[in-house]
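Open the model in your viewer and keep the selection box ready. Follow the stops in order.

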Amino acid sequence: MIKLQQLSLGVFMLTATLGYGQKKPLDHSVYDRWENIAMKQLSNDGQAIIYQVVPQEGDKDLVINRLSDNKSQTFNRGEKAVFTSDSRYAIFSIRPFYSDVKAVKNKKKKEDEIAKDSLGIFNLFTQEIVKIPSVKSFKIPLKGSNTLAYLLEKEKDTTKAKGTKIAKKADKNEPLDLVVFNLQTKTERRISNVTDYFFDEKGNYLVYVTTDPNKKKKKETEDKGEAVQDSVPSIQETKIAEQAYGVYALNLETNKESVVFKGEGTFSQFNFDKEGKQMVFTYTKDEEKVLVKTYAIYQAQLPKEAKLLLADKIKGMPKNWVVSENYTPQFSKNGKRLYFGIAPQSIAKDTTLIADDHAIVDVWHYKEDYLQPQQLVNLDKDLKKSYLATVDLAKRNAIVALADETSNYTSLVDEGDATIVFQASDYGRRVEKQWDISGVTSYYIVDVRTGARKEIIKDLPGRASISPKGTAVVYYNSQEANWYVYEVKTGVRKQLNKGVSVSFAEEEFDMPDLPSAYGIKGWTDNDESVLIGDRYDVWEFYLKGNKAARMITNGYGRQHNLTFDLLQLDEEKKSFDRNEKVIAAVFDNQTKDAGYFYVNLKTGENPTKIIVENYGGFTSLSKAKNASIYAVTKGNFLHSNDLYVGAQLNQMTQLSQLNPQQEEYNWGTNELVHWTTPNGYEATGVLFKPEDFDATKKYPMIVYFYEKLSDNLNRYEAPAPTPSRLNIPYFVSNGYLVFTPDISYTDGYPGKAAEEFINSGVEFLKQNTWVNGSKIGIQGQSWGGYQVTHLVTVTDQYAAAWAGAPVANMTSAYGGIRWGTGMSRQFQYEKTQSRIGKTLWEGYDLYIENSPLFKVPAITTPLVIMHNDNDGAVPWYQGIEMFMAMRRLEKPVWMLNYNGDEHNLMKRQNRKDIQIRQQQFFDYYLKDAQAPVWMVKGVPAVLKGKNWGFELTEEKVN
């Protein structure tokens with residue numbers, strides 16, 4: 001946090017004391033090897049940790065560290081790692097080489113030419129590794145059991161044709177050998193012709209599905225009407241003929257096998273109860289080619305044979321509805337009830353129709369709940385949509401439908417043990433979400449015994465949640481900015497925050513909509529209370545009786561400008577024990593530091609500081625299930641996000657040392673900057689400077705912006721090819737200053753807000769002699785891209801500008817579609833980010849004023865627009881409109897369309913391409929470097945894919 005005079009003094013001191021030697025600047029070749037931590041998992045006993053080190057491109061490394069003596073081993077290409085529940089073994093896959101997988105993708109190799117996945121079994125005590133080749137998949141039980149199961153890939157099958165070997169393409173549903181391996185006794189059992197397999201949570205049973213390996217061949221023979229040879233079968237063929245295919249269960253304690261279901265068909269959606277004593281699955285005997293299949297649910301009391309539980313004609317099934325194959329049935333926690341999916345009977349497509357003989361048309365109707373484009377985006381999901389139903393397993397004679405097409409979602413209460421489920425619906429109010437994205441929602445409780453639905457909250461502008469045990473529904477009314485509770489048993493409703501003066505609505509919300517709440521932070525055991533946050537602190541509101549609300553953080557957050565967020569580190573717990581101290585993640589809103597405090601829920605005394613540092617990433621904290629051992633990744637702009645482990649959060653040991661190559665490069669520093677805008681607003685931004693900064697020199701500066709970015713002060717920024725944003729480490733390393741100002745908005749004037757905050761921040765920094773005021777560029781993506789295009793129409797102070805996916809014309813964008821979701825863009829202007837706050841016809845003048853397209857004649861700044869033809873957020877014709885206007889007026893403008901790519905570039909090769917172009921563009925205008933050919937002459941269509949125009953030339957851009 002610095003004012004102007006402190007900024008200059010601090011720079012001189014920094015340069016004098018650090019004495020940096022010459023380091024090379026980052027270049028575009030460095031990106032692929034830059035690493036990050038992709039996953040981490042502590043063993044249950046806290047004595048070991050697995051983590052994965054992932055380069056931006058290339059083979060990943062899996063590291064297994066035994067924390068007791070800090071012994072670690074690294075396994076190249078290790079994936080999907082898990083610990084056994086007894087913390088004795090780590091099991092993982094070993095993938096083929098990245099280069100081989102890429103060669104297959106690029107069709108330079110065939111899939112059968114590269115190695116299949118292998119399996120790694122690592123003994124944490126002996127540090128020995130066993131590798132098993134050609135393993136398709138593996139599974140272990142979540143809890144208990146020393147058993148590992150894995151499917152073996154089929155050996156490469158080749159047949160000779162004209163003297164050459166031709167590999168047959170593997171069938172993904174081909175039956176394979178399943179190996180059941182006891183990790184303790186080192187004994188194994190091999191089962192043939194398995195297509196799928198499952199453990200119950202406790203590891204009591206391994207259930208597997210078998211099928212006839214010759215089924216497909218036999219079917220093809222039958223379909224062709226060929227006669228089967230009447231000959232004596234071989235011994236092997238006799239065994240296959242006698243084999244009863246279907247579902248089997250292997251008792252892992254007794255090693256006894258039992259038949260669960262005999263017969264061919266398709267088995268799916270297997271699930272077990274909590275105790276592993278009963279199991280259900282979905283079954284159809286229909287052939288694959290049947291367009292509309294009939295499904296049933298079978299139940300087995302293991303190890304007994306399964307019995308039909310549910311079919312389409314069961315009592316309680318709505319007319320023309322069926323059992324859904326797209327929902328995994330689940331038992332209640334006590335195992336007494338089953339919840340499953342039902343859906344309307346699907347309609348078979350008429351395969352006799354010839355495409356050219358009938359129209360293919362979308363019919364848009366003004367009263368449909370959802371726009372046609374939205375329906376088409378969600379078509380596959382909607383075709384698989386299921387609605388919750390239940391059956392009492394003791395009675396089994398009828399089902400109870402709990403939801404239908406009017407409901408948005410239905411959730412179980414108390415893990416299915418409660419007599420109610422909780423339901424939300426915006427039925428009848430869906431059309432208006434086209435312009436009012438928040439909308440209103442009604443909430444219901446539904447009796448699982450009768451299906452009776454009771455509306456408890458009607459048309460709520462906000463959100464509601466039911467307590468873990470289901471005794472209360474807590475909801476926030478954003479129109480009133482109040483919290484309420486509804487007691488399920490009594491129907492009593494009361495305001496929770498009555499008499500509390502602090503606001504629970506987002507205090508800095510600056511969009512033309514109702515501000516949201518800071519949210520529920522948790523519940524206490526037995527539904528005693530709910531924990532709700534304001535901007536800084538956490539409050540406890542009792543769900544029964546008239547006990548007064550209390551602040552469990554004792555006002556410490558607001559007093560010290562800290563925001564508290566309670567962490568539940570045991571994923572199996574649904575609530576907090578009020579007698580325990582809870583760890584809270586804390587963020588310092590002034591310094592942007594972060595860390596942890598202890599919060600005593602019972603006493604409500606001042607929180608106790610554990611650690612607060614100038615690091616980011618603290619919310620990634622995890623804990624060993626059965627030990628007080630913690631793991632977290634943290635870093636800041638100077639340091640990679642490394643892994644730390646320890647029993648004390650303030651005394652953790654650093655395990656990883658990522659990106660040591662960073663020391664070879666001229667990196668950078670960053671710091672907060674504060675200034676006052678012309679209208680008297682206190683403003684904040686972040687200034688990035690090169691590591692070898694010299695205050696006697698003048699530096700070009702790029703200004704990058706998107707809403708508010710200063711909270712990211714302590715976030716690590718890896719050098720990476722850009723998806724159209726600014727690669728800050730690259731530009732800082734190459735001698736640029738980078739400035740990221742925060743922007744606050746006033747409804748109706750988003751353009752003026754950019755002027756107010758961005759331009760004034762730039763003017764503030766230009767007072768420093770080391771800022772080259774004539775060499776300043778601006779860059780933004782999406783909403784930031786819009787702000788770039790606006791700024792160049794109102795000022796000539798920027799020497800170069802780059803806008804990614806900008807809106808140029810709010811009048812045409814208002815009526816557009818966000819093709820990624822199929823939603824109308826109207827809500828964006830009336831309620832959210834674009835911040836006009838009115839309809840087009842109510843605020844016509846505002847739409848014109850905030851549309852850069854209508855001010856193009858005033859532009860003097862060279863502009864690059866990136867807008868791609870598969871942009872699902874901002875229609876790419878927005879970029880075209882801006883480009884065509886500037887081209888018409890002979891303004892220097894370029895447009896990049898990465899064919900088939902999205903709003904933010906997703907394809908890595910495109911990210912690498914745009915990174916080079918962005919660097920060349922800013923170097924030309926801000927460093928007086930040579931221009932590349934693409935800027936001087938473009939890249940004609942006849943050279944597309946042959947020449948990219950990166951070559952530098954002595955010619956100037958006219």
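Here is a short tour with two stops, a sheet and a cavity.

This is a predicted model: local features need pLDDT of at least 70, side-chain atom pairs count only at pLDDT 80 or more, and totals for chains, interfaces and linings use all residues. Residues are numbered from 1 along each chain as its sequence is written, and side-chain values use heavy atoms, without hydrogens and water.

**Stop one: a sheet**

Select 462-466, which is strand S31, and 493-495, which is strand S34. Strands are DSSP runs (E, at least two residues), numbered from the N terminus. S31 and S34 are the edge strands of an open sheet of four, ordered S31-S32-S33-S34. The pairing is antiparallel. To pair, two strands need at least two DSSP bridges between them. Each edge strand pairs on one side only.

Now select residues 482-487, strand S33. Three bridges join S33 to S34. Find Tyr 484: Gln 495 in S34 stands opposite.

**Stop two: a cavity**

The structure holds one cavity of 30 Å³ or more. On a 1 Å grid over the protein atoms alone, a cavity is a set of points where a 1.4 Å probe fits but cannot get out; lining residues have an atom within 4 Å of a point. Grid points are joined across faces, edges and corners, and the volume is the space filled by probe spheres set on the points. The largest cavity has about 30 Å³.

Which residues line the largest cavity? Select Lys 581, Tyr 598, Val 599, Asn 600, Glu 605, Asn 606, Pro 607 and Thr 608. Strand S41 (residues 594-600) gives the largest share of this lining, three residues.

Terms used. 1 Å grid on protein atoms, 1.4 Å probe; cavity = no way out; pocket = protein on both sides within 12 Å on 5 of 7 lines; lining within 4 Å.
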